[in-house]
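Me: I'd like a close look at one part of this chain, the strand pairings around a single hairpin and whatever sits next to them. Could you walk me through that part, starting from the chain as a whole?

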Amino acid sequence: MNAPVSDANRPLLEVSGLKKHFPLRGGFLGGVTGYVYAVDGVSFHINRGETLSLVGESGCGKSTVGKAILKLFDITDGQVVLDGRRIDNLPAGALRPMRRRVQVVFQDPFSSLNPRMRVRDILAEPIRNFGLARSRAELEERIAALMDKVRLPRDAVNRWPHEFSGGQRQRIGIARALAAEPELIICDEAVSALDVSVKAQIINLLQDLQQELGLALLFISHDLAIVEHMTHRVAVMYLGKIVEVAPKRQLFAAPRHPYTEALLSAVPVPMPGAQRERIILKGDVPSPINPPKGCRFHTRCPYAFDRCRAEEPPLRQTEAGHWAACHLHDLPAEQNPLAGAKGAAVLAV
Ligand code: SF4
């Protein structure tokens, strides 16, 4: 059978109706007593060469989405389609080509590199595993080129992970991901553990690599401020669901979901003397074991009204390319605090 033909106009990755419910076991016989609804019906796509940032507070399910795409576990429901081919239901033996095309960079550069392997061997492993070098000389050439790409000296291949700083280790992690020649890299809080200046360097590196290699990135982060300068679109997650998706500029200028509005209010404004009106959300994120009925955000939402407590809002388009799950958009514009350029209006100079 021929391999499916790649269609340049088709999204590289399509996730639809993704659910991951982890069973809770307990009681005398260790039976299932409930579920953690970690991801509960998430849909999005990523185009070739695009960065989509998946943003939300800790525990919202964003890392679980990344792991589900990587097929680190079986999903409960939904589909993950890579370049037109469903990958969530592939048997273990058929996963190899997918594993080459989708790579990951993890948060912790200290624990994600094997301390007993020199950098050369860390980089050689995926090249060998995926049969990407035909000779020893080609292997060495590829390793040297990877060191150049992540701006580390070539002779550092003989060193051990503990001899590098956190930022340098993350560069090695990125080089290891690139070694497989992927089309998509999932960056799971990839800069969260780094100092501010190092964070900026790694983000710049990822941006440069994306442009040079045409990579798609799924950038998972709890921090909207980090993604502002490097993403094309943003998807905001709350308690297992995507509540807003939009191109970056639209989302930052005019959020259409109260949760996004609150997250944005904490992002520093890059204009001297300007500041946003900070929105402090009440309470903690509810437990994903027992999510609230209706809109999951209603227990913390400053605009909640009766309908929010009874009916779950679907994700629907508020303007071209901008989607939000909020009942406010059924109200007349004059009663909707998020209609118009609300995001811009919260800037108080
Ligand atoms: Fe707030 Fe209601 Fe909108 Fe949910 S649906 S975000 S509770 S206004």
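Reply: Let's start with charge, keeping in mind that this is a predicted model. The chain carries 44 positive and 37 negative side chains, and the centres of those two sets are 4 Å apart. Carbon and sulfur atoms supply 52% of the roughly 16600 Å² that the chain exposes, while 49% of its 349 residues count as buried.

As for the overall build, there are 11 helices and 14 strands. The radius of gyration is 22 Å, close to the 20 Å that the globule rule gives for 349 residues, so the chain is as compact as a globular protein of that length. Along the principal axes, the C-alpha atoms fill a box of roughly 70 × 60 × 45 Å. If you take the contacts between residues at least 6 apart in sequence, 64% of them join residues at least 24 apart.

Now for the part you asked about. I'd centre it on strand E10, residues 241–247. Six of its seven residues are buried, so E10 is largely enclosed by the rest of the structure. One of its pairing partners is strand E9 (residues 233–238), which runs antiparallel to E10 over six bridges. To find your place in that ladder, look for Val234, whose bridge partner in E10 is Ala246. The two strands make a hairpin with two residues between them, and in the turn Leu239 has a positive phi of about 45°.

E10 also pairs with E13, again antiparallel, through two bridges. Here the pair to look for is Glu244 opposite Ala324 of E13. From there you can step on to E12: strand E12 (residues 316–319) and strand E13 (residues 322–324) pair in the antiparallel sense over three bridges, with Gln317 standing opposite Trp323. E12 and E13 form a hairpin too, with two residues between the strands, and Gly321 takes a positive phi near 75° there. If you trace the pairings, then, you go from E9 to E10, from E10 to E13, and from E13 to E12.

Back at the E9–E10 turn, there's a neighbour worth a look. Val285 sits in the loop between strand E11 (275–276) and helix H10 (306–310). Leaving aside residues within four places in sequence, Val285 is in contact with Glu57, Tyr238, Leu239 and Arg300. Two of those names tie the loop to the hairpin: Tyr238 falls within the 233–238 span of E9, and Leu239 is the turn residue with the positive phi. Is Val285 buried, partly exposed or exposed? Its relative accessibility is 27%, so it counts as partly exposed. For a sense of scale, Val285 and Gly93 are 39 Å apart, C-alpha to C-alpha, with their positions 192 residues apart in sequence.

For another enclosed element, try helix H1 (residues 62–69): six of its eight residues are buried, so H1 is largely enclosed by the rest of the structure. The buried ones are Lys62, Thr64, Val65, Gly66, Ala68 and Ile69. Just after H1, Lys71 has a positive phi of about 55°.

Elsewhere in the chain, four strands make an open antiparallel sheet in the order E2-E1-E4-E5. Its edges are E2 (31–46) and E5 (85–86), each pairing on one side only. E4 (residues 77–82) meets E5 over two bridges, and Val81 stands opposite Arg86 in E5.

Notes: Residues are numbered from 1 along each chain as its sequence is written. This is a predicted model: local features need pLDDT of at least 70, side-chain atom pairs count only at pLDDT 80 or more; totals for chains, interfaces and linings use all residues. Side-chain values use heavy atoms; hydrogens and water are left out. The radius of gyration is taken over C-alpha atoms; the globule rule is 2.2 Å times the number of residues to the power 0.38. Buried means under 20% relative accessible area, exposed over 50%, partly exposed in between (1.4 Å probe, protein chains only). Contact means heavy atoms within 4.5 Å. Accessible areas come from the Shrake-Rupley method with a 1.4 Å probe; for residues, only the protein chains shown count as cover. Lys and Arg count as positive and Asp and Glu as negative; His and the chain ends are not counted. The place of a charge is taken as NZ of Lys, CZ of Arg, CG of Asp or CD of Glu. Two strands pair if DSSP finds at least two bridges between them.
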